[in-house]
Amino acid sequence: MDSAVSDATAVDPAVDTPAAPPADTVPAAAIPAQPGRADAEPGPEPDPEDGAQDWQLDHSRAPIATKIVVAGGFGVGKTTFVRAVSEITPLQTEALMTRASEETDDLTATPDKLTTTVAMDFGRITLDNDLVLYVFGTPGQQRFWFMWDDLVRGAIGAIVLADTRRLTDCFPALDYFESCGLPYVVAVNHFEGTPRFDPEDVREALTITPEVPVVIMDARKRYSVVETLLAMVEHALSATPE
(Lines give C-alpha, C1' and ligand atoms only; values in the text may rest on other atoms or scores of the structure.)
Protein backbone atom coordinates (compact mmCIF):
# COMPACT_ATOMS: atom_id res chain seq x y z
CA MET A 1 0.00 0.00 0.00
CA ASP A 2 2.81 2.39 0.88
CA SER A 3 4.53 1.59 -2.39
CA ALA A 4 1.44 2.48 -4.44
CA VAL A 5 1.04 5.84 -2.77
CA SER A 6 4.71 6.59 -3.25
CA ASP A 7 4.57 5.81 -6.99
CA ALA A 8 1.47 7.99 -7.52
CA THR A 9 2.94 11.05 -5.87
CA ALA A 10 6.47 10.79 -7.25
CA VAL A 11 7.64 13.40 -9.73
CA ASP A 12 8.93 12.07 -13.04
CA PRO A 13 12.39 13.57 -13.56
CA ALA A 14 11.94 13.22 -17.34
CA VAL A 15 9.20 15.87 -17.38
CA ASP A 16 10.73 19.35 -17.73
CA THR A 17 8.64 21.51 -15.36
CA PRO A 18 9.88 25.14 -15.22
CA ALA A 19 10.20 26.53 -11.76
CA ALA A 20 8.10 29.62 -10.89
CA PRO A 21 10.23 32.74 -10.36
CA PRO A 22 10.30 34.25 -6.89
CA ALA A 23 7.49 36.72 -6.22
CA ASP A 24 9.89 39.61 -5.77
CA THR A 25 11.36 39.16 -9.26
CA VAL A 26 8.06 39.55 -11.19
CA PRO A 27 7.89 43.02 -12.81
CA ALA A 28 5.05 45.13 -11.43
CA ALA A 29 4.04 46.13 -14.96
CA ALA A 30 3.36 42.48 -15.78
CA ILE A 31 0.54 42.33 -13.17
CA PRO A 32 -2.65 43.85 -14.60
CA ALA A 33 -4.33 46.39 -12.37
CA GLN A 34 -7.56 45.07 -10.88
CA PRO A 35 -10.60 47.20 -10.04
CA GLY A 36 -10.37 48.38 -6.45
CA ARG A 37 -6.67 47.62 -6.08
CA ALA A 38 -4.60 50.18 -4.27
CA ASP A 39 -2.06 50.16 -7.09
CA ALA A 40 -4.68 50.80 -9.80
CA GLU A 41 -4.07 54.01 -11.69
CA PRO A 42 -6.68 56.74 -10.95
CA GLY A 43 -8.73 58.30 -13.73
CA PRO A 44 -7.83 61.63 -15.26
CA GLU A 45 -8.37 64.68 -13.09
CA PRO A 46 -10.67 67.47 -14.34
CA ASP A 47 -8.72 70.17 -16.13
CA PRO A 48 -9.63 73.76 -15.15
CA GLU A 49 -8.86 74.82 -18.71
CA ASP A 50 -11.65 72.47 -19.90
CA GLY A 51 -14.21 74.44 -17.91
CA ALA A 52 -14.18 72.34 -14.73
CA GLN A 53 -15.93 73.96 -11.78
CA ASP A 54 -14.31 74.49 -8.36
CA TRP A 55 -16.36 71.73 -6.77
CA GLN A 56 -15.16 69.29 -9.46
CA LEU A 57 -11.55 69.93 -8.44
CA ASP A 58 -12.23 69.62 -4.71
CA HIS A 59 -13.04 66.00 -3.83
CA SER A 60 -14.24 67.01 -0.36
CA ARG A 61 -17.21 68.94 -1.82
CA ALA A 62 -20.32 67.82 -3.62
CA PRO A 63 -22.65 69.91 -5.77
CA ILE A 64 -25.99 71.09 -4.42
CA ALA A 65 -28.60 69.96 -6.94
CA THR A 66 -31.91 71.78 -7.19
CA LYS A 67 -34.87 71.53 -9.52
CA ILE A 68 -36.81 74.31 -11.26
CA VAL A 69 -39.88 73.97 -13.45
CA VAL A 70 -40.62 76.19 -16.46
CA ALA A 71 -44.34 76.39 -17.29
CA GLY A 72 -46.68 78.50 -19.34
CA GLY A 73 -49.05 78.44 -22.27
CA PHE A 74 -48.68 76.74 -25.62
CA GLY A 75 -45.87 78.17 -27.78
CA VAL A 76 -44.66 80.67 -25.19
CA GLY A 77 -40.98 79.62 -25.43
CA LYS A 78 -40.40 76.95 -22.78
CA THR A 79 -38.37 74.67 -25.05
CA THR A 80 -36.33 77.65 -26.28
CA PHE A 81 -35.72 78.67 -22.65
CA VAL A 82 -34.29 75.26 -21.71
CA ARG A 83 -32.27 74.95 -24.92
CA ALA A 84 -30.68 78.39 -24.52
CA VAL A 85 -29.37 77.80 -21.00
CA SER A 86 -28.52 74.10 -20.77
CA GLU A 87 -24.82 73.25 -20.54
CA ILE A 88 -25.59 69.72 -21.73
CA THR A 89 -27.47 68.59 -24.80
CA PRO A 90 -31.06 69.13 -23.62
CA LEU A 91 -33.57 66.32 -23.59
CA GLN A 92 -36.51 67.31 -25.78
CA THR A 93 -39.72 65.48 -26.60
CA GLU A 94 -40.76 67.43 -29.65
CA ALA A 95 -43.35 66.03 -32.04
CA LEU A 96 -44.53 67.38 -35.37
CA MET A 97 -47.89 69.10 -35.23
CA THR A 98 -50.63 67.60 -37.38
CA ARG A 99 -54.02 68.69 -38.64
CA ALA A 100 -55.63 66.76 -35.80
CA SER A 101 -54.56 69.49 -33.35
CA GLU A 102 -55.80 72.46 -35.37
CA GLU A 103 -59.00 72.75 -33.33
CA THR A 104 -57.21 72.69 -29.96
CA ASP A 105 -53.87 74.46 -30.58
CA ASP A 106 -54.15 78.15 -31.44
CA LEU A 107 -51.33 79.14 -33.81
CA THR A 108 -52.52 82.70 -34.39
CA ALA A 109 -49.59 84.24 -32.47
CA THR A 110 -47.05 81.62 -33.60
CA PRO A 111 -47.91 80.69 -37.20
CA ASP A 112 -44.42 79.30 -37.90
CA LYS A 113 -44.52 76.78 -35.04
CA LEU A 114 -44.18 73.24 -36.45
CA THR A 115 -43.48 71.12 -33.36
CA THR A 116 -44.78 70.86 -29.82
CA THR A 117 -43.58 69.34 -26.54
CA VAL A 118 -45.50 66.18 -25.71
CA ALA A 119 -43.77 65.20 -22.44
CA MET A 120 -41.10 67.54 -21.10
CA ASP A 121 -37.86 69.39 -21.76
CA PHE A 122 -34.83 68.84 -19.54
CA GLY A 123 -31.55 70.70 -19.16
CA ARG A 124 -28.85 71.41 -16.60
CA ILE A 125 -26.84 74.49 -15.69
CA THR A 126 -24.18 75.13 -13.04
CA LEU A 127 -24.71 78.55 -11.50
CA ASP A 128 -22.64 79.79 -8.56
CA ASN A 129 -19.73 77.43 -7.81
CA ASP A 130 -21.40 74.21 -6.65
CA LEU A 131 -25.06 75.09 -7.28
CA VAL A 132 -26.49 72.94 -10.07
CA LEU A 133 -29.96 73.58 -11.44
CA TYR A 134 -31.99 70.92 -13.22
CA VAL A 135 -34.50 72.70 -15.44
CA PHE A 136 -37.70 70.93 -16.45
CA GLY A 137 -40.01 72.39 -19.08
CA THR A 138 -43.66 71.36 -18.91
CA PRO A 139 -45.91 70.70 -21.92
CA GLY A 140 -48.23 73.62 -22.65
CA GLN A 141 -51.33 71.97 -24.08
CA GLN A 142 -54.17 71.22 -21.71
CA ARG A 143 -54.31 67.55 -22.73
CA PHE A 144 -50.82 67.07 -21.21
CA TRP A 145 -51.42 68.88 -17.92
CA PHE A 146 -51.80 65.56 -16.08
CA MET A 147 -47.97 65.32 -16.14
CA TRP A 148 -47.44 68.48 -14.13
CA ASP A 149 -47.82 66.77 -10.74
CA ASP A 150 -44.88 64.49 -11.51
CA LEU A 151 -42.71 67.18 -13.05
CA VAL A 152 -42.99 69.63 -10.13
CA ARG A 153 -42.33 67.03 -7.43
CA GLY A 154 -39.18 68.09 -5.55
CA ALA A 155 -38.87 71.47 -7.28
CA ILE A 156 -37.81 74.54 -5.26
CA GLY A 157 -39.75 76.89 -7.51
CA ALA A 158 -41.21 77.59 -10.93
CA ILE A 159 -40.91 80.10 -13.74
CA VAL A 160 -44.15 81.01 -15.51
CA LEU A 161 -43.43 82.24 -19.02
CA ALA A 162 -45.90 84.76 -20.39
CA ASP A 163 -46.59 86.27 -23.79
CA THR A 164 -48.18 89.74 -23.65
CA ARG A 165 -50.20 88.98 -26.79
CA ARG A 166 -52.06 86.23 -24.91
CA LEU A 167 -51.63 86.69 -21.17
CA THR A 168 -54.67 84.54 -20.42
CA ASP A 169 -52.70 81.45 -21.51
CA CYS A 170 -50.55 81.60 -18.38
CA PHE A 171 -53.47 81.77 -15.93
CA PRO A 172 -53.69 77.96 -15.53
CA ALA A 173 -50.00 77.82 -14.53
CA LEU A 174 -50.43 80.71 -12.08
CA ASP A 175 -53.46 79.03 -10.51
CA TYR A 176 -51.62 75.70 -10.29
CA PHE A 177 -48.57 77.04 -8.45
CA GLU A 178 -50.71 79.23 -6.20
CA SER A 179 -52.76 76.20 -5.18
CA CYS A 180 -49.77 73.99 -4.44
CA GLY A 181 -47.83 76.76 -2.66
CA LEU A 182 -44.74 76.54 -4.87
CA PRO A 183 -42.75 79.82 -5.15
CA TYR A 184 -42.74 81.20 -8.69
CA VAL A 185 -41.71 84.17 -10.77
CA VAL A 186 -43.35 85.52 -13.92
CA ALA A 187 -41.03 85.92 -16.89
CA VAL A 188 -42.42 87.84 -19.85
CA ASN A 189 -40.84 86.44 -23.00
CA HIS A 190 -40.55 89.48 -25.25
CA PHE A 191 -41.15 88.55 -28.89
CA GLU A 192 -39.86 90.72 -31.73
CA GLY A 193 -42.41 93.10 -33.17
CA THR A 194 -44.56 93.17 -30.04
CA PRO A 195 -45.05 96.12 -27.65
CA ARG A 196 -42.77 96.15 -24.62
CA PHE A 197 -44.55 96.57 -21.30
CA ASP A 198 -43.22 97.45 -17.88
CA PRO A 199 -43.18 94.68 -15.25
CA GLU A 200 -45.69 96.54 -13.10
CA ASP A 201 -48.12 96.74 -15.99
CA VAL A 202 -47.89 92.97 -16.42
CA ARG A 203 -48.33 92.48 -12.67
CA GLU A 204 -51.52 94.52 -12.73
CA ALA A 205 -52.88 92.69 -15.77
CA LEU A 206 -52.24 89.30 -14.15
CA THR A 207 -53.39 90.48 -10.69
CA ILE A 208 -50.47 88.85 -8.92
CA THR A 209 -49.22 89.89 -5.49
CA PRO A 210 -46.34 92.38 -5.05
CA GLU A 211 -43.94 89.79 -3.62
CA VAL A 212 -43.95 87.75 -6.85
CA PRO A 213 -41.08 88.96 -9.09
CA VAL A 214 -41.93 89.93 -12.68
CA VAL A 215 -39.07 90.09 -15.18
CA ILE A 216 -38.86 90.93 -18.87
CA MET A 217 -36.56 88.55 -20.74
CA ASP A 218 -35.69 86.92 -24.06
CA ALA A 219 -35.80 83.12 -24.01
CA ARG A 220 -33.35 82.94 -26.93
CA LYS A 221 -30.52 84.66 -25.07
CA ARG A 222 -28.54 82.71 -22.49
CA TYR A 223 -27.64 85.69 -20.29
CA SER A 224 -31.31 86.70 -20.09
CA VAL A 225 -32.35 83.18 -19.12
CA VAL A 226 -29.61 82.98 -16.46
CA GLU A 227 -30.80 86.24 -14.92
CA THR A 228 -34.32 84.82 -14.75
CA LEU A 229 -33.06 81.64 -13.07
CA LEU A 230 -31.13 83.68 -10.51
CA ALA A 231 -34.26 85.69 -9.77
CA MET A 232 -36.14 82.44 -9.25
CA VAL A 233 -33.51 81.02 -6.87
CA GLU A 234 -33.39 84.27 -4.88
CA HIS A 235 -37.16 84.35 -4.59
CA ALA A 236 -37.32 80.68 -3.56
CA LEU A 237 -34.72 81.26 -0.82
CA SER A 238 -36.61 84.27 0.51
CA ALA A 239 -39.93 82.42 0.45
CA THR A 240 -38.60 79.22 2.05
CA PRO A 241 -35.25 80.09 3.71
CA GLU A 242 -35.05 76.76 5.52
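Here are four short exercises on the structure above, each with a worked solution.

Before you start, note that this is a predicted model, where local features need pLDDT of at least 70, side-chain atom pairs count only at pLDDT 80 or more, and totals for chains, interfaces and linings use all residues. Residues are numbered from 1 along each chain as its sequence is written, and side-chain values use heavy atoms, with hydrogens and water left out.

**Exercise 1: a strand and its neighbours**

Work out whether strand β5 is enclosed or open, and find which strands pair with β5.

*Solution.* Step one: get the terms straight. Helices (H or I, at least four residues) and strands (E, at least two) are DSSP runs, numbered from the N terminus. Buried means under 20% relative accessible area, exposed over 50%, and partly exposed in between (1.4 Å probe, protein chains only).

Step two: check the burial. Six of the six residues of β5 (residues 157-162) are buried, so this strand is largely enclosed by the rest of the structure. Gly157, Ile159 and Leu161 point one way, while Ala158, Val160 and Ala162 point the other way.

Step three: look for partners. Two strands pair if DSSP finds at least two bridges between them. β1 (residues 64-72) runs parallel to β5, joined by five bridges, and Ile68 stands opposite Gly157. Five bridges also join β5 to β6 (residues 184-189), again in parallel; there, Tyr184 is the bridge partner of Ala158.

**Exercise 2: the nonpolar core**

Find which residues touch the most other members of the largest nonpolar core, and which element gives the most to this core.

*Solution.* Start with the meaning: a nonpolar core is a set of buried Ala, Val, Leu, Ile, Met, Phe, Trp, Tyr and Cys residues joined through side-chain atoms within 4.5 Å. The largest one has 24 residues, and Phe81, Ile125, Ile159, Leu161 and Leu229 touch the most other members. Next, the suppliers: β1, α3 (78-85), β4 (131-137), β5, β6 and α7 (222-239) each bring at least two residues. The top giver is α7, with six residues.

Don't stop there, though: a second, separate core of 23 residues includes Ala158, Leu182, Val188 and Val212.

**Exercise 3: one asparagine**

Decide whether Asn189 is buried or exposed, and list what Asn189 touches.

*Solution.* First, find the spot: Asn189 sits in strand β6. Second, compare with the cut-off: the relative accessible area of Asn189 is 6%, so Asn189 is buried. Third, list the contacts (heavy atoms within 4.5 Å). Leaving out residues up to four places away in sequence, Asn189 touches Val76, Gly77, Ala162, Met217, Asp218 and Ala219. Finally, a polar atom of the Asn189 side chain lies 3.0 Å from the backbone nitrogen of Ala219.

**Exercise 4: a salt bridge in a helix**

Work out how the salt bridge between Glu200 and Arg203 fits into its helix, and how exposed each partner is.

*Solution.* A salt bridge is a side-chain nitrogen of Lys or Arg within 4 Å of a carboxyl oxygen of Asp or Glu. In this pair, the closest N and O atoms are 3.2 Å apart. Both residues lie in helix α6 (residues 199-206), three residues apart, about one turn of the helix. Why does that spacing help? An α-helix has 3.6 residues a turn, so residues three or four places apart point the same way.

Now the exposure: Glu200 is partly exposed at 49%, while Arg203 is buried at 11%. Elsewhere, salt bridges that share partners join Asp163, Arg165, Arg166 and Asp169 into one network.

How values were computed: A polar contact is a pair of N or O atoms within 3.5 Å; within protein, one must be able to donate a hydrogen and the other to accept it, and residues adjacent in sequence count only if both atoms are side-chain atoms.
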